[in-house]
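Reader: I've got this one open on my screen and I'd like a close look at the part around the ligand. Could you start with an odd spot in the backbone, then work your way in and tell me what sits where?

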Amino acid sequence: MREQLEALQVEALEKASAATSEKEIQEVRVAYLGKKGPITEVLRGMGKLSAEERPVIGALANEVRDVIKQALEAKEQALAKEAVAAKLTSETIDVTLPGRPVQNGTVHPLSAVVEEVEDIFLGLGFSIEEGPEIETDYYNFEAMNLPKDHPARDMQDSFYFSEELLLRTQTSPVQARSMEKHEGRGPVKVICPGKVFRRDDDDATHSHQFMQIEGLFVDQNVRMSDLKGVLESFAKQFFGEERKIRLRPSFFPFTEPSVEVDVSCGLCGGKGCRVCKHTGWIEILGSGMVHPRVLEMSGFDPHTYSGFAFGMGVERLAMLKYDIDDIRHFYTNDTRFLAQFKQV
Ligand code: DAH
C-alpha cells in the first residue's frame with residue numbers, strides 16, 4: 001500500500017507539471033483527489049489494515065494528498081502568471097502614438113458679435129441690461145409711444161399670447177424698464193442685447209426670430225452730437241478705423257428727431273459697389289433723441305433730462321462684418337459654417 005501511494009504521488013506530480021491549462025489541472029485534480037480517485041480508495045480500504053499499519057498508512061495517504069494538492073495549486077498559479085505575462089506582451093500600447101483629437105466647439109458668430117459690441121460699449125461707459133422675451137403690450141408698444149391702434153405697430157406683426165402679452169418685437173421695451181429702475185434720476189446708460197420675434201416670412205435676410213442690441217443714454221444735456229460721437233466710435237471699433245458714418249432723417253415713434261445710421265461701405269471704400277447697392281453706404285441701425293413722452297412715461301422729467309437711443313440687428317452686423325449672404329446660416333447649426341469662426 002505504501003508503494004502504491006508513493007507511485008500515485010509520482011504519477012500525479014508528473015501530470016501536474018505537464019498540464020498546460022486550467023482545464024487540465026482540474027482534470028488531474030478530479031482524477032487523483034476526487035471522491036472516486038485512488039487516494040480516497042486507499043483511505044476507504046484502511047479498515048482491512050492491522051492496528052499498527054493503520055495510522056502509518058493513514059498519515060502517508062494524507063501527506064500524499066497534501067503534496068498533490070499543493071503541486072496543483074502551485075502549477076495553477078504559475079499558469080495564471082504566464083497568462084497575464086502573455087497578455088501584457090500581446091497587448092502593449094504605444095504611448096508615443098498621437099492621441100485622437102478632441103473636437104472643440106466654437107463660439108457662435110452671433111454670440112461673438114454680441115460680446116464684441118458689449119465690450120465696445122462697456123468701454124464707452126455703458127452697462128448691460130436684460131429684459132424679458134415675453135413682454136407686455138405696455139412695455140413693448142405703449143411705453144415706446146406706440147399707443148393701441150397706432151399704425152406703426154403693423155410693421156412689427158407679432159406673436160401674441162393674449163391681448164396684453166406677446167413675444168417682444170424689439171428690445172426697445174428694455175429702455176422703459178431701465179428708466180423705471182432709475183426712478184427719474186440720471187444717468188441711465190445701458191445697452192440691452194436679446195432675442196426679438198416678429199411674424200415674418202423667413203428668407204435670406206428675414207427670420208421670425210432674431211437678435212437686437214438696444215442702447216439708451218439719458219442724462220442732463222445729452223445732445224445729438226453725443227449720439228453721433230458714440231455711434232461713430234462704435235462703428236470704427238467694430239468695422240474698422242477707416243469707416244465713416246452718416247445720419248439720415250427717419251421716423252420712429254419713440255425718438256424725435258429720428259435717424260437712420262449708415263456706415264461707409266468696407267468693400268469699395270464709399271465709391272459704390274454691388275454690396276452697398278452703388279450708394280457707398282450701408283444702413284446699420286436706427287437711432288434718435290428719446291421722445292419727451294417716452295421719458296415722461298418712464299418717470300423722467302423731459303425738461304431736465306434728454307437722451308438718445310439706438311437699436312441694431314445682431315445678424316445684420318454679423319452678416320456685414322463677415323460677409324455672410326444668408327441669415328439662415330446662423331440657425332441651421334451646420335458645423336462647416338460654424339467652424340469658420342474659430343478665431344473670432
Ligand atoms: N426698435 C426699432 C426696431 O426694432 C429699432 C430702433 C430704432 C431702436 C431707433 C431704437 C431707436 O432705440 O432709437 O425697428
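Author: Let's start at Asp149, which is found in the loop between helix H6 (137-140) and strand E3 (165-167). Asp149 isn't a glycine, yet its phi is positive, at about 70°. Keep in mind that you're looking at a predicted model.

There are a couple of other backbone oddities to tick off. Gly186 and Pro187 are joined by a cis peptide bond, with omega at about -5°. You'll find Pro187 in the loop between H7 and E4. The peptide bond from Glu256 to Pro257 is cis too, with omega near -5°, but Pro257 is placed in strand E7.

Now for the sheet. It is an open one, formed by 7 strands in the order E1-E4-E5-E9-E8-E7-E6, and the pairing is mixed. Strand E1 (127-128) and strand E6 (245-252) are the edge strands, each pairing on one side only. As a reminder, strands of a sheet pair through backbone hydrogen bonds, either parallel or antiparallel.

Begin at the E6 edge. E6 pairs with strand E7 (residues 255-264) in the antiparallel sense, over 7 bridges. The connection between E6 and E7 is a hairpin through 2 residues, and Phe252 stands opposite Thr255 in E7.

Moving along the sheet, E8 and E9 also pair in the antiparallel sense, over 5 bridges. Here Ser287 stands opposite Phe310 in E9. Helix H10 (residues 314-322) packs on the sheet and touches E5, E8 and E9; the direction of H10 makes about 145° with that of E8. There's another helix to look at as well: H7 (residues 173-181) lies across strand E4 (188-197), E5 and E9, running at about 40° to E5.

That brings us to the ligand itself. Which residues are closest to the ligand? They are Gln170, Ser172, Arg198, Gln212 and Glu214, out of 16 residues that surround it. By class, this shell is made up of 10 polar, 4 nonpolar and 2 charged residues.

If you zoom in on the oxygen atoms of the ligand, start with Arg198: one of its polar side-chain atoms lies 2.6 Å from a ligand oxygen. Gln212 also brings a polar side-chain atom, which lies 2.9 Å from an oxygen atom of the ligand. Phe310, the residue we met opposite Ser287, takes part through its backbone: an N or O atom there lies 3.2 Å from an oxygen atom of the ligand.

How much of the ligand does the protein cover? On its own the ligand has 350 Å² of accessible area, and the protein covers 91% of that. As for where the shell comes from, the elements that give two or more residues to it are strand E5 (209-219), strand E8 (281-290) and strand E9 (306-313). You've seen that trio before: E5, E8 and E9 are the strands that H10 touches as it packs on the sheet.

Terms used:
Residues are numbered from 1 along each chain as its sequence is written. This is a predicted model: local features need pLDDT of at least 70, side-chain atom pairs count only at pLDDT 80 or more; totals for chains, interfaces and linings use all residues. Side-chain values use heavy atoms; hydrogens and water are left out. A residue is near a molecule or strand if one of its heavy atoms lies within 4 Å of it. A polar contact is a pair of N or O atoms within 3.5 Å; within protein, one must be able to donate a hydrogen and the other to accept it, and residues adjacent in sequence count only if both atoms are side-chain atoms. Accessible areas come from the Shrake-Rupley method with a 1.4 Å probe; for residues, only the protein chains shown count as cover. Helices (H or I, at least four residues) and strands (E, at least two) are DSSP runs, numbered from the N terminus. Ala, Val, Leu, Ile, Met, Phe, Trp, Tyr, Cys and Pro count as nonpolar, Asp, Glu, Lys and Arg as charged, and the others, Gly among them, as polar. Two strands pair if DSSP finds at least two bridges between them. Contact means heavy atoms within 4.5 Å. Axes are lines fitted to C-alpha atoms, for helices over the stretch in contact, and angles run from 0 to 180 degrees between N-to-C directions.
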